[in-house]
Amino acid sequence: MRESLALINGELLKAKNSYVRENPGTLEPLEKVSLVSKDEIDWACQSAHRAFDVWSKTPGNIRGNILFKIAETIRNRSTYLGSINSEETGKPIKESTLVEIAGVARTFEYYAGLASKIHGSSQTLNNDLISLTIKEPVGVVAQILPWNFPMLLASWKIAPAIACGNTVVLKPAEFTSLTALFFAELCQKAKLPKGVVNIITGDGLTGQHITNHKLIDKIAFTG
C-alpha cells in the first residue's frame, strides 16, 4: 500500500498517526495518509516563514524559470499523474490526463510568464505630486483544497502564490492527498527552494490548526 507523506522544508515526513484511504472505484485500501501533529504544522509554517525571506527577494525571471521547469516536469509525467488522480478521485483516466493534468501544466506556464512582469506603476498628479504603486508579496499563504480536482485546484493556488514571491503551506483533502504530495516532489526536482511549498496531510482539524497559526498571512480555500 502506498503512503501519502507530508512534505515540510523539503523533507518527506511520516507522521506517527495515519488513516487508510480506500479506492472509490473498488473500495479496496489504496493508501495510508499521514495525520500530522500540531507541532509538525508549526514546523511547516516556520519553514515557509523562513523561506519567504529569500524567495520574496528572488528576481521574477528566476521564479518564472522554476515554474516553467515544474510545468515541463508535469507534462513529462502526465500519464503517471493521471493514473494517480483517477485512483483517488474515481474519474475517467481521459478526464484526469487531458483535462486536469494538462490544465495544471498550462496554469504553471501562464504564471511562469507572469512572474517577470509584476511591476508597480507611477502617475504624475501635478507638478509637485507623484503617485507610486508598489506590488509586494504577502508572506505565507495557507491553502486548503477540495477532493474533486486535487491537482488542478492546487495549481490554481500554488502557481500564482509562488510566482508573486509568496510561500505556501497547503493541505489537500484527506481523500486525495497523494497527488498533491507527488506534485510537491516535482517542485523539488525543479529546484524550488526548501520551504517554499509545504504539504500538510490530515483532516479538518489539521486545516483549522493551519489557518489559526500566527505565521499565516493569507488564507485561500475552495469548498
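This is a short chat about reading features in the predicted model above.

Trainee: What should I keep in mind before I start?

Mentor: This is a predicted model, so local features need pLDDT of at least 70 and side-chain atom pairs count only at pLDDT 80 or more, while totals for chains, interfaces and linings use all residues. Residues are numbered from 1 along each chain as its sequence is written, and side-chain values use heavy atoms, with hydrogens and water left out.

Trainee: How do I read a helix, and which residues make up α2?

Mentor: Helices (H or I, at least four residues) and strands (E, at least two) are DSSP runs, numbered from the N terminus. The expected span of a helix is 1.5 Å times one less than its number of residues. Here α2 covers residues 60-76, which is 17 residues. From first C-alpha to last, α2 reaches 24 Å, close to the 24 Å expected. With 14 residues, α5 reaches 20 Å, close to the 20 Å expected.

Trainee: Which residues of α2 are buried?

Mentor: Buried means under 20% relative accessible area, exposed means over 50%, and partly exposed is in between (1.4 Å probe, protein chains only). In α2 the buried residues include G60, R63, G64, I66 and L67. Their cover includes α1 (38-55), α3 (78-89), α4 (93-114), α5 (150-163) and α6 (178-189). As for α5, 13 of its 14 residues are buried.

Trainee: What about aromatic rings: how many pairs are there?

Mentor: Rings of Phe, Tyr and Trp (its six-membered ring) pair if their centres lie within 6.5 Å; planes under 30 degrees apart count as stacked, over 60 as edge-to-face and the rest as tilted. That rule gives one aromatic pair. Y110 and Y111 sit edge-to-face, 5.0 Å centre to centre with 85° between the planes. Y110 counts as exposed because its relative accessibility is 55%, whereas Y111, at 22%, is partly exposed.

Trainee: And which residue lies over the face of F149?

Mentor: A charge sits over a ring if NZ of Lys or CZ of Arg is within 6 Å of the ring centre and within 35 degrees of the ring normal. For F149 that residue is K91, at 3.6 Å from the ring centre.

Trainee: How do I spot an unusual phi?

Mentor: Most residues other than glycine have a negative phi. L27 has a positive phi near 65°, and it lies in the loop between β4 (17-22) and β5 (29-35). K191, also not a glycine, has a positive phi of about 70°; K191 is in the loop between α6 and β10 (197-199). L27 counts as exposed because its relative accessibility is 57%, and K191 is exposed at 63%. Just after α5, the positive phi of about 100° belongs to G165.

Trainee: Where is there empty space?

Mentor: Rolling a probe the size of a water molecule over the atoms shows where empty space is left. On a 1 Å grid over the protein atoms alone, a cavity is a set of points where a 1.4 Å probe fits but cannot get out, and a pocket is an open set with protein on both sides within 12 Å along at least five of seven lines; lining residues have an atom within 4 Å of a point. The whole structure has one cavity of 30 Å³ or more. The largest cavity holds about 60 Å³, and α6 gives the most to its lining, with three residues.

Trainee: What volume does the largest pocket have?

Mentor: About 260 Å³. Among its 19 lining residues, E136, P137, A161, C164 and N166 are the closest to its centre.

Notes. Contact = heavy atoms within 4.5 Å. Points joined across faces, edges and corners; volume = space filled by probe spheres on them.
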